[in-house]
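Open the model in your viewer and keep the sequence panel beside it. The stops below say what to select and what is there.

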Amino acid sequence: MSDDAEKNEAPPEQDLSRQASATGSAAGEAGEKPRDYIFIAALSCFCPIWPINIVAFVYSVMSRNSFQQGDIDGARRLGRVAKLLSIVALVGGVLIIVASCAINFGENSIKPPA
């Protein structure tokens, strides 16, 4: 009879509050702070691709805020997006600067002397 009583019991209620995820890297389980890449995001703000680098900086700040609120997985996810956008902004900015220098300074060497 005890087996039938156990089968008829309702399953335990699930807690819907935020909790740390059971899946993650070994470093994340040790309680290591996820990186927010705010330095590289701030550095990318000096590149001429202004919409991308501003969004990277916003994601970096959001990552820091998520960590302070206890959302480790969200902070890690937002940090990865901030890193990706910062790298795109830095590479694109360097390409734009190199191309504009090549066009401006290369133009002077092509002109025939007067």
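Where is the place of Val-58? Select helix 4, residues 50-68, and Val-58 is in that helix; helices (H or I, at least four residues) are DSSP runs, numbered from the N terminus.

This is a predicted model, in which local features need pLDDT of at least 70, side-chain atom pairs count only at pLDDT 80 or more, and totals for chains, interfaces and linings use all residues. Residues are numbered from 1 along each chain as its sequence is written, and side-chain values use heavy atoms, with hydrogens and water left out.

Stay on Val-58. Its relative accessible area is 41%, so Val-58 is partly exposed; buried means under 20%, exposed over 50%, and partly exposed in between (1.4 Å probe, protein chains only).

Next, add Trp-50, Ile-54 and Met-62 to the selection: with Val-58 they form a nonpolar patch on the surface, and the four have about 420 Å² of accessible area together. Such a patch takes residues with over 30% relative accessible area and no salt bridge, nonpolar side chains being joined within 5 Å. A salt bridge is a side-chain nitrogen of Lys or Arg within 4 Å of a carboxyl oxygen of Asp or Glu. Accessible areas come from the Shrake-Rupley method with a 1.4 Å probe.

Now select Ser-63, also found in helix 4. Ser-63 counts as buried because its relative accessibility is 1%. Which residues does Ser-63 touch, not counting those up to four places away in sequence? Show Arg-35, Asp-36, Ala-75, Leu-78 and Gly-79; contact means heavy atoms within 4.5 Å.

How values were computed
Patch = residues over 30% accessible without salt bridge, like charges linked within 9 Å, V, L, I, M, F, W, Y side chains within 5 Å. Helix = DSSP H or I, 4+ residues; strand = E, 2+ residues; numbered from the N terminus.
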